[in-house]
Amino acid sequence: MTARSTTMNPGSGSATAPRPAAGGAGDAHGPPPGLEALHTRITEWFSDEARDLPWRDPGCTPWGIFVSEIMLQQTPVVRVLPVWRDWLQRWPTPADLAAEPSGAAVRHWGRLGYPRRALRLHAAASAMVAGHDGEVPTTHDELLALPGVGAYTAAAVAAFAFGRRETVVDTNIRRVHARLVDGKALPAPALTAAEMKRAVALMPGDAGLSVRWNAAVMELGAVVCTARAPRCVACPVLDACAWVAAGRPAPDHVPKGQAWAGTDRQVRGAIVAVLRDAEDEVPRSVLLDAPVDLLQGGPSTVALTPGPLAALHGLQAPAEQLERALTGLLADGLAEESEGGVRLPG
DNA sequence: GACTCGTGGCC
DNA sequence: TGGCCAAGAGT
């Protein structure tokens, strides 16, 4: 298969890179020339280079795939792997998880981050038991109705667990499309309607191929067409990339960075970490008067440090913030008050 | 739309 | 060293 030196632009947006004179991909004249070649080259690359992930095993259940998709939201694969294995061994079916209190889900979520996802995963399992005969639902709309499942996850599970032809759009796919088709370094901060339309236009018509295409483009974005240091030398469609053809221009917008030190999120995370590591309830006074040491020893260190609120170092108004963070956690169902103190929901 | 919501590794 | 980033969802 000889590489072709054309760039792709199936969308109708502005284009500066040379491309075949073709109508928009959504018109009645079929896909633009070269699209099938892209399908072939990227899916063949995927066949050769795909990482061996357990949720990609043909024997993986829809529940295993569902769990992986929730855990992978905003969380790197390497950190998900051990937690996913433990989770599936502990709770092999939705009913197994639904039979536990939600606090057990939060506890075994470990340090994956965004622990409300554990809560929603537990709620989704309960919904599967209550309304889907204990099975993961198979359609996009049914999946979308589950807690913690948005457009991406609904499409991904329908595609990867049930072989459906869905337009999957995640951050990796958006970045690949932005570069390969648009010639831009990065996609817009938020998913746009135009992007979604273009993703639809790029989809193979065949269901089986569409599933491989979705997985392959996602993988390409994850391991080759990465955000910071793309490994273009390993790219199967380097010669077709509009961004490379344009001389790899810099991003035209500045990412707005996420503050962390001193935020409520940091305090919430520290409190949940204490509750998770505690066998039982933690007295409220201990939680608030002997706050977790947030700044000593780096981000992974969370320990009770007996002492005044000044232990919070640079944090402003720590007492108020602790109260606010705890109130938020209680409101979110991530923590519960009991007579003896605060604990994970049981 | 703009915000919020965890965590840890990396360039 | 530290800002940036990771298979987003909900409000």
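Colleague: Why is Arg-56 called partly exposed rather than buried or exposed?

Modeller: In this predicted model, the relative accessibility of Arg-56 is 32%; since buried means under 20% and exposed means over 50%, Arg-56 falls in between and therefore counts as partly exposed.

Colleague: What makes Glu-219 count as buried?

Modeller: Glu-219 has a relative accessibility of 1%, and because the limit for buried is under 20%, Glu-219 is placed in that class.

Colleague: How do you know that Arg-56 and Glu-219 form a salt bridge?

Modeller: The closest N and O atoms of Arg-56 and Glu-219 are 2.6 Å apart, and a side-chain nitrogen of Arg within 4 Å of a carboxyl oxygen of Glu is what the term requires, so the pair qualifies as a salt bridge. Arg-56 lies in the loop between α1 (35-49) and α2 (62-71), whereas Glu-219 is in helix α11, so this pair ties together parts that are 163 residues apart in sequence. Arg-51 also belongs to the picture, as it is linked with Arg-56 and Glu-219 in a network of salt bridges.

Colleague: What makes Asp-86 and Arg-90 a salt bridge, and how are they placed in helix α3?

Modeller: Their side chains meet at 3.4 Å, N to O, which is within the 4 Å limit, so the name salt bridge applies to Asp-86 and Arg-90. Both are in helix α3 (residues 77-90), and being 4 residues apart they are separated by about one helical turn. Asp-86, at 31% relative accessibility, is partly exposed, and Arg-90, with a relative accessible area of 38%, is partly exposed.

Colleague: Which parts does the salt bridge of Glu-337 and Arg-284 tie together?

Modeller: The side chains of Glu-337 and Arg-284 meet at 2.9 Å, N to O. Glu-337 lies in strand β1 (residues 336-338) and Arg-284 in helix α14 (residues 284-289), so the pair ties together parts that are 53 residues apart in sequence. Glu-337 has a relative accessible area of 44% and is partly exposed, while Arg-284, at 29% relative accessibility, counts as partly exposed. A search of the whole structure finds 12 salt bridges, of which I have described some here.

Colleague: How do you know that Arg-276 makes a polar contact with DNA strand B?

Modeller: An N or O atom in the side chain of Arg-276 is 3.5 Å from a phosphate oxygen of DNA strand B, and as the term covers N or O pairs within 3.5 Å, this pair is at the limit and is counted. For Arg-111, a polar side-chain atom lies 2.3 Å from a phosphate oxygen of that strand, and for Arg-268 the corresponding value is 2.6 Å. Helix α13 (residues 264-277) gives the most to the surface near DNA strand B, with 4 residues.

Colleague: What makes the contact of Arg-228 with DNA strand C a polar contact?

Modeller: An N or O atom in the side chain of Arg-228 is 3.0 Å from a base nitrogen of DNA strand C, and because that value is within 3.5 Å, the pair is a polar contact. Gln-74, by contrast, uses a polar backbone atom, which is 3.0 Å from a phosphate oxygen of DNA strand C. The surface near this strand has 12 nonpolar, 9 polar and 7 charged residues.

Definitions and conventions:
Residues are numbered from 1 along each chain as its sequence is written. Chains are lettered from A and ligands numbered from 1 in the order in which they are written. This is a predicted model: local features need pLDDT of at least 70, side-chain atom pairs count only at pLDDT 80 or more; totals for chains, interfaces and linings use all residues. Side-chain values use heavy atoms; hydrogens and water are left out. A polar contact is a pair of N or O atoms within 3.5 Å; within protein, one must be able to donate a hydrogen and the other to accept it, and residues adjacent in sequence count only if both atoms are side-chain atoms. Helices (H or I, at least four residues) and strands (E, at least two) are DSSP runs, numbered from the N terminus. Ala, Val, Leu, Ile, Met, Phe, Trp, Tyr, Cys and Pro count as nonpolar, Asp, Glu, Lys and Arg as charged, and the others, Gly among them, as polar. Buried means under 20% relative accessible area, exposed over 50%, partly exposed in between (1.4 Å probe, protein chains only).
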